[in-house]
Structures are given as structure tokens and as C-alpha cells.
Amino acid sequence: MTVYELSQNSQFNVLTLPEPEREINGAYVGDLLSWVMGRAQADNVWITIMSNINVIAVASLSDVSCVLLAEDVTLDNDVLATAKEKGINILSTSLAIFEAAVKISGMI
Amino acid sequence: MSEELIFHFQVDGDDFTSAGQASIQIKKNLRRLGLDPETIRRVSIAMYEGEINMVIHAGGGEADVKVCESYIEIILKDNGPGIKNIEQAMQEGFSTAPDQIRSLGFGAGMGLPNMKRYTDDMKIESELGKGTIVTMRVNI
């Protein structure tokens, strides 16, 4: 499944999608950034409630295919602009983290 | 690649939000050199963790990345307070980061362990009151 295909599900909203054709091979859930960098795999969807600017660097360096902000977490405009510039896909959802992970698990 | 390539960066100690710029630049440079994506990922994550450490603990520092034929070497130098007990600092979960850093999602005590995890060789030289030099190698 591509990030674009995931974004077509009505539960997920696009915040920015500069690289829609990136493949999704699984998901990783976490808010501690170093933990995520240590454990997330390239091409995972990273589900988190963290939304500060460092999330963009972590997403870029870990090579995740997409960040999914759960539980209606929003993003500041400057963070969004940086994500676009760095080619980081970001979606949001009102689902709780567990529900979001279960949903994605059923789709891939 | 017959000659080695060296990239040098100054890591700004004042701006936590811009930490990672050197690592992201390295990622781009290594991509241009056509290196394997997993190697690039390992180098750039290890370097980012080191950068973050220099910003949190040492007021910034310098980073050098040397690309050789069979390995990539990352050298991070700072003039910070030094590491009191390296063995303890290497344990997952051990952290001396302040609360405001933790609220940003860092300071979980995973930085140095991640640097070790993602590199083939890592050496820490540290002197209290003088600073720290971390040398890491990722084989290509």
C-alpha cells in the first residue's frame, strides 16, 4: 500500500503529501524520539502524538514513509512548511493510537 | 571512490530546533554518492543522535564525516563538561537530560545506545571539564 492509498481512507486526513507514492511496509508507534529512531524501520508509518519540529528530522533520518498524528493532534504551520520542504508525508486522524494501528494493520 | 571525501559541520549549541541539519545534509550527500539506503540510514541516525547530545549537553561542537572506500567515519568533538561514567552513559534508559528536553521527546537515554546500535565501531574519549570525542565507523 502507498501513503496515497492510506490517505484515501476517510479516517485519515492529509496534512502534507509531498511523496504520495512511498510504500508502506508496516507501522511503528512511539513518542520518544530516540526510541523511534532505534526501532522504527524504513518505510514504516510512524504513529505518534508528538508534533514538534524534531519529529520532521526524526522522520527524515529514519526514512519512515509517513508520520501519522493520532488523537487529533495538530501541527504548527512552520513545522508543516518544514515537512513539505523535506519531503515528509504527514497525515492526521482522530482515532486513538491503538485504533489507528489496528486500522492500518487491516489495510496492509 | 578512490579518494576519501570529508564533510565538516559546525553544530550550533543554542538552537535545539535546528539540530539535525548536519545529519540531514549528510544524508543528502551520501544519497548523491549512491550509497545503499540502509547504510545511509545508519550513518545519519547515529550522527543525529550525536548532534542532539552535543546540543543538549555540550553547547554544540563540530562534526566531521569521512567517506572512505570501505567505511564511513563520523567524528564528533565538543568542549562540553565530559562524560563522568561512560559505561553508565551507554546503558539504555540512563539520561542526565533536563526536563524541557524530555518534554520534546528526547532524553530517554537512548542516544549513545542508538549510536552503538547503528555503527560497526564506536569509541568515546571524554575528559571531565574538557570535552568529548566520539568516533564511529559504519562499514560500507
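**Exercise 1.** Which residue of β5(A) does Phe12(A) stand opposite?

*Solution.* The model is a predicted one. Start with the strand pair: β1(A) and strand β5, residues 90–93 of chain A, are joined by four bridges. The two strands run antiparallel. Within β5(A), the residue opposite Phe12(A) is Thr93(A).

**Exercise 2.** Give the strand order of the five-stranded sheet in chain A, and explain why one side of β1 and of β2 is left without a neighbour in the sheet.

*Solution.* Begin with a general point: the strands of a sheet pair through backbone hydrogen bonds, in either a parallel or an antiparallel way. In chain A the order is β1-β5-β4-β3-β2, the sheet is open, and the pairing is mixed. Next, look at the edges, where β1 (12–16) and β2 (26–29) of chain A stand. Each of these has a single partner strand, so one side of each has no neighbour in the sheet. From one strand to the next, the twist averages 30 degrees.

**Exercise 3.** Classify Glu71(A) as buried, partly exposed or exposed, and do the same for Asp72(A).

*Solution.* First, locate the residues. Glu71(A) is in the loop between β4 (66–69) and α4 (77–86) of chain A, and Asp72(A) lies in the loop between β4 and α4 of chain A. Second, apply the cut-offs: 20 or more other C-beta atoms within 10 Å make a residue buried, 12 or fewer make it exposed, and counts in between make it partly exposed. Glu71(A) has 15 C-beta neighbours inside 10 Å and therefore counts as partly exposed. Asp72(A) has 12 and therefore counts as exposed. Third, check the backbone. Phi is near 55 degrees for Glu71(A), a positive value in a residue other than glycine. For Asp72(A), also not a glycine, phi is positive at about 60 degrees.

**Exercise 4.** Which helix gives the most residues to the largest nonpolar core?

*Solution.* The core has 67 residues, and those touching the most other members include Val45(A), Trp46(A), Leu68(A) and Val43(B). Helix α2 (residues 37–58) of chain B gives the most, with eleven residues. As for Leu68(A), its contacts beyond four places in sequence include Val45(A), Trp46(A) and Leu91(A).

**Exercise 5.** How many residues of chain A are in contact with chain B, and of what classes are they?

*Solution.* Count first: 17 residues of chain A are in contact with 19 residues of chain B. On the chain A side, α2 (33–39) and α3 (54–62) each supply at least two residues. By class, this side has nine nonpolar, six polar and two charged residues.

Notes
Residues numbered from 1 in each chain as written. Chains lettered and ligands numbered in written order. Predicted model: local features only at pLDDT ≥ 70, side-chain atom pairs only at ≥ 80, totals over all residues. Contact = placed C-beta atoms within 7 Å. Nonpolar A, V, L, I, M, F, W, Y, C, P; charged D, E, K, R; others polar. Pairing = 2+ DSSP bridges. Axes fitted to C-alpha atoms, helices over the stretch in contact; angles between N-to-C directions. Core = buried A, V, L, I, M, F, W, Y, C linked by C-beta atoms within 7 Å.
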